[in-house]
Protein chains: 4
Amino acid sequence: MNAALVGVTGYSGMVLYQLLQQHPEVAAIRLFGHPDNSQVQPLVEAVPNFIGDQTLIEPLDPAVIMAECDVIFFATSAGVTTELATPFIAANFPVIDLSGDYRLLDPTTFTKWYHKPAPAVSALQQSHYGLAEFANAAGHSYIANPGCYATATLLGLAPLVQQHLIDPTSIIVDAKSGTSGAGKKLATSTHFSQTDENLQLYKVNRHQHIPEIMQQLKIWDDNVPAIQFTTTLLPIVRGIMDTIYAKSEATAEQLQAAFTATYADQPFVRVLPAGQLPTLKEVVGTNFCDLGISYNPVTHTVLVVSVIDNLLKGAAGQAIQNFNQYFGFAATAGLQLAALMP
Amino acid sequence: MNAALVGVTGYSGMVLYQLLQQHPEVAAIRLFGHPDNSQVQPLVEAVPNFIGDQTLIEPLDPAVIMAECDVIFFATSAGVTTELATPFIAANFPVIDLSGDYRLLDPTTFTKWYHKPAPAVSALQQSHYGLAEFANAAGHSYIANPGCYATATLLGLAPLVQQHLIDPTSIIVDAKSGTSGAGKKLATSTHFSQTDENLQLYKVNRHQHIPEIMQQLKIWDDNVPAIQFTTTLLPIVRGIMDTIYAKSEATAEQLQAAFTATYADQPFVRVLPAGQLPTLKEVVGTNFCDLGISYNPVTHTVLVVSVIDNLLKGAAGQAIQNFNQYFGFAATAGLQLAALMP
Amino acid sequence: MNAALVGVTGYSGMVLYQLLQQHPEVAAIRLFGHPDNSQVQPLVEAVPNFIGDQTLIEPLDPAVIMAECDVIFFATSAGVTTELATPFIAANFPVIDLSGDYRLLDPTTFTKWYHKPAPAVSALQQSHYGLAEFANAAGHSYIANPGCYATATLLGLAPLVQQHLIDPTSIIVDAKSGTSGAGKKLATSTHFSQTDENLQLYKVNRHQHIPEIMQQLKIWDDNVPAIQFTTTLLPIVRGIMDTIYAKSEATAEQLQAAFTATYADQPFVRVLPAGQLPTLKEVVGTNFCDLGISYNPVTHTVLVVSVIDNLLKGAAGQAIQNFNQYFGFAATAGLQLAALMP
Amino acid sequence: MNAALVGVTGYSGMVLYQLLQQHPEVAAIRLFGHPDNSQVQPLVEAVPNFIGDQTLIEPLDPAVIMAECDVIFFATSAGVTTELATPFIAANFPVIDLSGDYRLLDPTTFTKWYHKPAPAVSALQQSHYGLAEFANAAGHSYIANPGCYATATLLGLAPLVQQHLIDPTSIIVDAKSGTSGAGKKLATSTHFSQTDENLQLYKVNRHQHIPEIMQQLKIWDDNVPAIQFTTTLLPIVRGIMDTIYAKSEATAEQLQAAFTATYADQPFVRVLPAGQLPTLKEVVGTNFCDLGISYNPVTHTVLVVSVIDNLLKGAAGQAIQNFNQYFGFAATAGLQLAALMP
């Protein structure tokens with residue numbers, strides 16, 4: 001299996017490259033940059049932390065890729081896949097797209113939230129939303145890998161919404177992310193002197209992952225009208241924690257049982273025993289999503305805590321899950337990762 | 001004005017001592033420890049960061065204090081004021097108590113949340129809950145200084161609850177605190193290797209500040225049945241941020257106006273302009289509580305973000321506010337502090 | 001006393017403005033930006049953390065300043081004072097310059113290390129290098145405030161070099177700084193995702209503070225040929241720690257005594273007792289330089305640990321020391337600051 | 001291959017367990033605690049971050065281990081291996097000992113630096129000091145795995161000392177470590193509120209890794225009399241950086257060449273190109289030691305920067321290197337680890 005990767009210089013791309021290097025079914029990895037950038041550059045020059053890695057980043061050439069590779073991963077910024085993926089879609093060549101370009105079926109919604117032109121409707125209709133625990137990528141040559149916040153949120157809400165255990169108008173998501181979620185681009189909000197020892201809210205109710213969350217929730221229960229979605233930048237690098245609130249008339253035991261049953265056969269979702277809530281550290285460095293449930297009978301409120309490593313389960317790790325599904329490899333191939341302890 | 005301070009070795013006590021040293025109306029500060037600890041020790045030995053400060057920490061002696069001082073501050077752990085304050089209460093000697101011992105009027109509630117014996121009912125009835133923006137300590141010789149989470153939460157909820165702008169059954173408080181809120185005691189949860197690059201929830205719906213919040217909310221609106229209260233330990237030292245959610249049928253303008261009007265004359269509460277939400281850094285090092293309001297008309301949810309420095313506005317700073325009120329000093333005396341920038 | 005401040009938007013300028021606001025001898029502060037920037041802007045718009053501060057930042061106008069102010073502070077980037085200070089120098093108007101432009105007497109050295117044109121020699125000759133413990137700014141209308149690394153290093157080396165207690169060829173300075181020393185400018189090295197949980201060396205033996213250190217050391221002992229100077233970026237915001245090594249044939253007692261005697265009358269240098277070494281936290285938020293000395297008789301090596309808050313003692317605090325010296329105010333006026341504890 | 005592991009609850013033990021789980025030659029891992037602790041406990045109860053891992057920690061029983069396992073790893077505190085290893089030594093059963101107990105050949109030196117009784121001289125004489133790049137563990141049934149600081153320091157000094165490129169009396173090591181090096185034990189110095197935004201020196205010239213460094217340096221060059229060794233606690237969790245200084249009359253090219261040649265065939269030591277110095281992030285999560293060399297011809301001083309992940313190359317990773325050497329597995333088996341990026 002030869003894999004092509006576009007966008008290795010971004011954080012998701014860096015981590016995806018590391019995963020592909022250790023994947024038992026991947027023989028070779030080819031790295032590509034934007035076709036307009038005709039300069040061929042060794043990886044170590046573009047990303048100095050890849051000490052000594054002289055693999056060349058070549059300008060993207062669809063013909064070469066389709067001739068010499070078996071799959072292409074796009075770990076590119078919003079808008080870039082729209083620009084570059086067309087020949088692959090036309091050829092039904094397998095694409096795993098970590099960007100947000102092909103997640104939303106409705107082009108109007110895309111443009112509203114991303115402030116960019118949407119891909120063609122025909123292309124969007126081919127796209128498979130690869131939330132790995134609830135969809136199987138087999139047979140879908142274009143896989144839109146979910147966003148990091150969307151992954152943490154949807155896995156935390158799925159049992160509640162699918163089984164109608166909550167008031168669908170009451171969902172509040174208080175989501176927090178480390179700075180790696182904001183990418184490599186320099187910005188005042190991620191300057192160390194500004195981020196450290198601080199908390200900063202951003203894009204409250206305006207985060208571009210909201211529409212893909214709503215699109216999926218409505219598939220599960222069309223009665224969910226909207227969610228309250230708050231995003232806070234944490235003074236850490238890796239990890240997302242969602243604290244999710246909703247009104248529920250179920251009992252603590254029913255809620256716990258719903259989660260346990262939903263994820264019983266899922267290798268990457270761990271439902272903690274009743275009474276326990278997850279910490280970030282237990283998932284950073286892994287592809288796990290850990291879930292803890294706490295029901296307050298006084299306020300009739302269920303709290304779900306959902307934690308992931310935003311670059312693994314929230315990006316590159318889930319991309320490997322989709323890769324494994326598409327090609328029929330073992331679900332955990334290339335993903336048996338150790339948490340960073342301590 | 002001579003001030004006595006019990007508990008200078010704890011974080012609140014350390015900061016209170018610094019404030020008293022710079023207070024224009026304080027001539028001298030006497031430091032005291034527990035009477036059972038008969039050893040007299042220089043401050044620098046007990047708290048090495050007070051380089052060169054040879055002020056002695058003496059065993060508490062009420063007679064000496066009442067003869068030579070004008071006020072006593074207790075910055076002691078739960079249960080200690082209950083044990084030590086009786087002679088001062090009997091003599092109507094001014095006490096400003098930073099502990100939780102005298103905040104709850106109902107001794108049963110105290111014992112339920114603090115797992116300790118409550119003070120005598122007669123003493124509790126003398127106690128004044130010193131939420132400085134909504135109560136005046138003048139004439140009250142026993143002042144119970146509010147808890148840090150209680151301060152951030154009550155200032156964030158006051159306009160909404162007092163003016164009945166929200167559904168009283170819908171209040172959710174997602175509160176986050178730095179490690180200084182957990183005090184100096186060694187614990188696994190505040191070991192650097194455990195706290196750093198991590199988020200840890202603790203005491204969800206069981207934090208001991210919940211009953212004092214409810215006691216005050218019910219004074220403002222007896223229809224508030226309970227609140228959902230989540231507490232998360234952040235990988236920072238100083239600061240509390242509450243994100244507070246409630247259902248509201250008011251408009252964004254009405255909500256903003258309610259906050260602006262409520263705090264128009266308060267020197268230590270800053271309501272940010274509409275569309276802005278506060279960060280922690282803008283208050284750390286100061287006695288300010290900054291508030292930002294964001295209304296989501298789609299979910300009919302108001303989000304209030306409330307930030308304070310937990311050791312200042314949430315403890316020692318508010319204690320000085322109460323001190324100023326009691327003795328009739330200027331409201332801002334000793335509290336014109338610069339935020340730590342950056 | 002009316003003070004003019006150019007460069008309030010940088011970190012040193014922000015802190016200097018805070019100090020001036022609390023200085024007992026300062027009646028009013030006028031803020032100025034570059035004269036090319038004709039836009040008048042309220043401070044809160046330029047630096048959002050100054051919540052509610054509507055003080056205007058005006059374009060620099062020397063005539064206005066000389067007519068209406070008593071002193072001007074430049075907290076500007078390298079090269080800017082050279083460009084703007086000439087009329088003030090010509091008029092002998094008091095200037096306190098936090099930049100590096102007028103610290104080096106030799107224009108060739110300036111250009112070599114700063115890669116910029118140097119000020120005129122005549123102007124350089126008027127400049128007073130304001131290392132406050134070893135020079136008195138009284139009578140010097142142009143005061144070049146020392147650099148942050150230079151301050152920590154020179155205070156740590158002064159007794160050793162002045163009293164010839166070390167081998168002058170053996171000086172090694174391993175200096176570490178928080179990110180605020182690198183300023184507000186966005187850079188990959190200070191992106192939170194890069195800085196956090198990391199250490200990065202930079203400008204080893206090439207830092208622009210080296211020549212001002214050497215200029216001063218040679219005044220004290222012309223036999224010092226050069227120093228080894230390593231600079232490391234720490235994952236913290238505020239503070240510099242130097243660990244300084246040199247070969248010495250003196251005894252531990254002689255070394256300790258030399259430091260104690262040198263700084264006996266200095267309010268802002270604290271020599272720790274023998275056997276103790278300082279931590280950063282004890283000085284952050286203050287104008288202190290704390291020094292600890294440890295002699296190793298096996299290797300004949302003295303270790304001096306010097307810690308400062310780079311924005312206070314290393315910049316704005318020392319500028320106030322020079323301001324106090326020039327105008328004859330008390331040495332500690334406006335500088336009785338509390339350390340951030342914890 | 002069945003491996004026994006004593007001490008999985010400490011940080012080195014936790015990481016070693018993770019490595020053994022992924023090692024291609026390890027079929028099963030048995031976990032053991034102190035024999036006095038007769039309680040059998042599932043791993044997840046002892047170390048909650050091992051979510052769902054029900055592997056039992058059994059009381060140590062040498063007979064069981066020697067019958068059912070092929071090797072035993074001790075990741076225990078100082079003194080514990082001395083107490084427990086005797087039966088294994090007597091039987092020549094393979095032991096890989098991550099503690100400091102058997103690193104020093106001279107029992108008097110051990111007792112002086114560790115303040116504990118030393119193992120029997122006969123046992124010490126059997127011990128192999130497993131600095132993996134300079135010793136081969138094949139044939140040595142008792143392997144003393146080097147300390148973390150010792151590993152970073154010796155790899156940084158080896159070419160200089162072995163090839164007599166420096167003045168042997170001039171070695172200064174300014175070593176910095178994250179808090180994981182201090183272990184899991186609670187202490188004020190590693191309380192988050194004390195460690196964060198701080199630097200703390202500790203055990204200057206008294207760290208217990210100094211004698212094993214000297215023991216090895218003297219094997220390479222008996223003219224090295226002593227080293228200056230400073231240790232600083234960093235506000236990070238993982239990683240050690242040494243900045244090493246020595247006087248040298250060699251040229252920059254000779255020094256660079258010496259490092260390149262020494263480590264040409266070593267898979268886990270990366271000598272950076274001339275002009276580059278390593279950062280911590282490039283090794284955290286890996287078994288690499290990265291080295292950068294900078295020569296200052298003005299001061300005749302060579303600076304070597306040596307970085308490792310203290311729990312991998314400095315502990316568990318090097319233990320696997322020794323395991324691979326002893327059993328003749330590939331040098332990199334089980335150690336192809338990805339750096340944490342970002």
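Biologist: How much area do chain B and chain A bury between them?

Modeller: First, the general idea: the size of an interface is often given as the accessible area lost when the parts come together. Here, buried area is the accessible area (1.4 Å probe) that two parts lose on being put together, summed over both. Chain B and chain A bury about 3,300 Å² between them, and 63% of that is on carbon and sulfur atoms. Before we go on, two notes on reading the model. This is a predicted model, where local features need pLDDT of at least 70 and side-chain atom pairs count only at pLDDT 80 or more, while totals for chains, interfaces and linings use all residues. Residues are numbered from 1 along each chain as its sequence is written, chains are lettered from A and ligands numbered from 1 in the order in which they are written, and side-chain values use heavy atoms, with hydrogens and water left out.

Biologist: Okay, and how many residues does each chain bring to that contact?

Modeller: Contact means heavy atoms within 4.5 Å. By that rule, chain B gives 42 residues and chain A gives 42 residues. You can also look at what crosses the border. A polar contact is a pair of N or O atoms within 3.5 Å; within protein, one must be able to donate a hydrogen and the other to accept it, and residues adjacent in sequence count only if both atoms are side-chain atoms. Between chain B and chain A there are 28 residue pairs in polar contact (both at pLDDT 80 or more). On the chain B side, the elements that each supply at least two residues include β9 (172–177), β12 (240–247) and β15 (301–308). Helices (H or I, at least four residues) and strands (E, at least two) are DSSP runs, numbered from the N terminus.

Biologist: How many salt bridges cross between chain B and chain A?

Modeller: A salt bridge is a side-chain nitrogen of Lys or Arg within 4 Å of a carboxyl oxygen of Asp or Glu. Two of them cross this interface. In A:Lys176 with B:Asp174, the closest N and O atoms are 3.2 Å apart. There's a wider pattern too: A:Asp174, A:Lys176, B:Asp174 and B:Lys176 are linked in a network of salt bridges.

Biologist: And how many salt bridges does a search of the whole structure find?

Modeller: Over all chains, the search gives 32. Take A:Arg270 and A:Asp290, whose closest N and O atoms are 2.7 Å apart. This pair links distant parts of the chain, since A:Arg270 is in strand β13 (residues 269–271) and A:Asp290 is in strand β14 (residues 289–296), 20 residues apart. In chain C, C:Lys176 pairs with C:Asp174, with 3.1 Å between the closest N and O atoms.

Biologist: Is A:Asp290 buried or exposed?

Modeller: Buried means under 20% relative accessible area, exposed over 50%, partly exposed in between (1.4 Å probe, protein chains only). A:Asp290 is buried, at 0%. A:Arg270 has 15% relative accessibility, so this residue counts as buried. Over in chain C, C:Lys176 and C:Asp174 are buried as well.

Biologist: What about chain D: what turn lays it on chain A?

Modeller: To compare copies, you superpose them by least squares on the C-alpha atoms of residues with pLDDT of at least 70 in both. A turn of 180° with a shift of 0.0 Å along the axis lays chain D on chain A, with an RMSD of 0.0 Å. The two copies are thus related as by a two-fold rotation axis. Also, 100% of the interface residues of chain D are interface residues in chain A too, so the copies meet through the same surface.

Biologist: How much area do chain D and chain A bury, and which residues of chain D lose the most?

Modeller: Chain D and chain A bury about 2,300 Å² between them, 60% of it on carbon and sulfur atoms. In chain D, D:Ile51, D:Met341 and D:Pro342 lose the most area to chain A, together 32% of what that side buries. There are zero salt bridges between these two chains, but six residue pairs are in polar contact (both at pLDDT 80 or more). Helix α1 (residues 11–22) gives the most to the chain D side, with five residues.

Biologist: Which residue of chain A does the UniProt "active site" annotation cover?

Modeller: The unreviewed UniProt entry puts "active site" on A:Cys148. UniProt positions are given in the numbering used here, feature names are shortened, and annotations may be inferred rather than shown by experiment. A:Cys148 lies in helix α8 (residues 148–162) and, at 13% relative accessibility, counts as buried. Leaving aside neighbours within four places in sequence, A:Cys148 is in contact with A:His209, A:Ile240, A:Ile308, A:Asn310 and A:Gly314.
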